[in-house]
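Open your viewer and get a selection box ready. We will walk through this model stop by stop, starting with how far to trust it.

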Amino acid sequence: MHRKIMTDSKIIIRLKNATIAHPDNVVLTNIDFEVSRGEFVYLIGRTGSGKSSLLKTFYAELPLLRGEGTIAGYDLKKLKTRQVPYLRRNLGIVFQDFQLLTDRSVYENLLFVLKATGWKKKADMHKRITEVLEKVGLGYKEYKMPHELSGGEQQRVVIARALLNNPDLILADEPTGNLDPESSEGLLRLLLEISNNGQAVVFATHDYNLLNKFPARIVECKDSKLIEYNNQPAAMPNEDNPQASDEEIELL
Amino acid sequence: MSKQEHKLSRRKLRSSYFTTIVSIALVLFVVGLMGLLLLNAHKLSRHVKENIGFSVILESNIREVDMIRLQKNLDASRYVKTTEYITKERAAQELQEELGEDFIEFLGYNPLLPSIDVRLFAEYANPDSVAKIEQEILKYEQVKEVAYQKSLIDVVNKNINRISFVLLIFTGALFIISLSLINNTIRLTVYARRFLIKTMQLVGATRRFVRGPFILKSLAHAIYSIALTYLMLGGTVYMIEAQLPELSMLNDLDTLALLFAGVFVVGIGIVYISTRFAVNRYLKLRSSDLYF
């Protein structure tokens, strides 16, 4: 069935000599990357540097071209199409454009995920939905339609959705891209809290203010490689760094 | 206010489903009309063919018993639909009416022979079979000859074949057009929800789990469409019955039942297959390909 191969249970993401590519161009070559349980990692880099492609590889939307990769116990090289849904149940994914089911309410969005991932009992599902909505501070908005919520609220629904199955790993692809600074900070605090509870978080972002305000491990995608800044504030790119200003120009 | 908005978006969604249901129903109605046409054309050609027949001319001195035995034999054969015995006297009377002259008085005797008029089943009313049947009947010694118009059988058969062929091509083309119209309607409905399909996959739903509700909803719509089609077809049948009672469609409930069952099967079948293919298509696409 969909049994995973167990490796070192402390490591949740492991890439070795991996090459990541779209059908027509190579994005990252020969990279090594590891994330442990409960770790919080910023993934930075210009647009087009491969952040999203890297995350897509993690949730098997993009195949691993070369090298080895293990995510939450699944071997990316041996992953079959029908196993992909089961891999994704071990992940929580947060998108810049939310990706909520726009044709149904917040509650039904969460209910869909629970039903899709094999929950059967109505009472259990109701309890779990209430729990995650409380956790992201939206307990009272469950019967709203997604378009009736603000961007920050929608993103918190997405995080609630990501938390439903208690995943070992949360992948956030520029989740603050559409949010105002206050909502962004609130969101980041929420994700940090989640990682403190033992769930690993990979947080792709453009927002360098957040990096300074909430320091953590930083990995940059640059020139088809991954560069580690391993929590060294001096080496970190910041607003004075030319790299950073490039980013800001792009953002404008 | 938000409740109002909620209602509004629900209503919009419902009206888009309504459009789908009506479009499918209209196309199914065309399919039904074609079916009606084909079934009645078949009936019509049968009717024409079964009116062709031949006369078995008997010897003038035939005994009543032999005649009855011969007629019974003919009735019992698999190709004969009806037989009718025409006596000498009746033949004379019929001819007299046609000529408007009392030729028996003129001639002094009745030169006509008794005969049996035979009507064949439609399946045997073609030149080849008639020739074979003729040979078989001529074996009876009481039979003098078998009279029929060879050219008439030929012409009727040729024309029926030609008309059926044209009709078949015509309805076949319309049928294919109908299928592709329904397929397009469904693909558009699914296309509109392609991002939802992708999102469902990203949160860990299996393909089957995503597909299920789409297919169920499509089948529900198909049933509404079929109900609507039945109403329209029923109305049409009543209208035709009022205008052309000689077709007597309402008397042939079996044919109508066959037609309605056909519409049901076509409707459900094409909707199921189209939905399955359309959803599968978007299940297989990468998210980056969805924007085209």
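Colour by pLDDT, which is the predictor's confidence in each residue, from 0 to 100. Everything here is a predicted model, where local features need pLDDT of at least 70, side-chain atom pairs count only at pLDDT 80 or more, and totals for chains, interfaces and linings use all residues. Residues are numbered from 1 along each chain as its sequence is written, chains are lettered from A and ligands numbered from 1 in the order in which they are written, and side-chain values use heavy atoms, with hydrogens and water left out.

**Stop 1: confidence**

Select chain B: its mean pLDDT is 85, with 93% of its residues at 70 or more. Switch to chain A, where the average is 84 and 87% of the residues score at least 70. Now pick out two helices of chain A (helices being DSSP runs of H or I, at least four residues, and strands runs of E, at least two, numbered from the N terminus). Among the elements of chain A, helix α3 (residues 106–116) has the highest mean pLDDT, 94, and helix α8 (residues 242–251) the lowest, 44. Extend that last selection to residues 238–252 of chain A, where pLDDT is below 50. Beyond near neighbours in sequence, this stretch has 20 contacts in the model, a contact meaning heavy atoms within 4.5 Å. Where pLDDT is low, the predicted coordinates should not be read in detail. For the complex, the predictor gives an ipTM of 0.83 and a pTM of 0.73.

**Stop 2: the interface**

Show both chains together. How many residues of chain B are in contact with chain A? There are 21, and they meet 31 residues of chain A. The area buried between the chains is about 2,200 Å², with carbon and sulfur atoms giving 58% of that figure; buried area is the accessible area (1.4 Å probe) that two parts lose on being put together, summed over both. Select B:Leu202, B:Val203 and B:Arg286, which supply 27% of the area that chain B buries against chain A, more than any other three residues.

Next, zoom in on A:Glu61 and B:Lys198. Their side chains meet in a salt bridge at 3.6 Å, N to O; the term covers a side-chain nitrogen of Lys or Arg within 4 Å of a carboxyl oxygen of Asp or Glu. The count between chain B and chain A is 1 salt bridge. On the chain B side of the interface, α1 (2–50), α7 (194–202) and α8 (207–243) each supply at least two residues. Highlight α7(B), which gives the most, 7 residues.

**Stop 3: inside chain B**

Select B:Glu50 and B:Arg46, a salt bridge whose closest N and O atoms are 3.2 Å apart. Both residues lie in helix α1 of chain B, 4 residues apart, about one turn of the helix. Over all chains, the structure holds 20 salt bridges.

**Stop 4: two loop residues in chain A**

Finish with backbone angles. A:Ala60 has a positive phi of about 60° although it is not a glycine, and you will find A:Ala60 in the loop between α1 (51–58) and β4 (64–71) of chain A. Then jump to A:Glu174, also not a glycine, with a positive phi near 45°. A:Glu174 lies in the loop between β7 (169–173) and α6 (181–196) of chain A.
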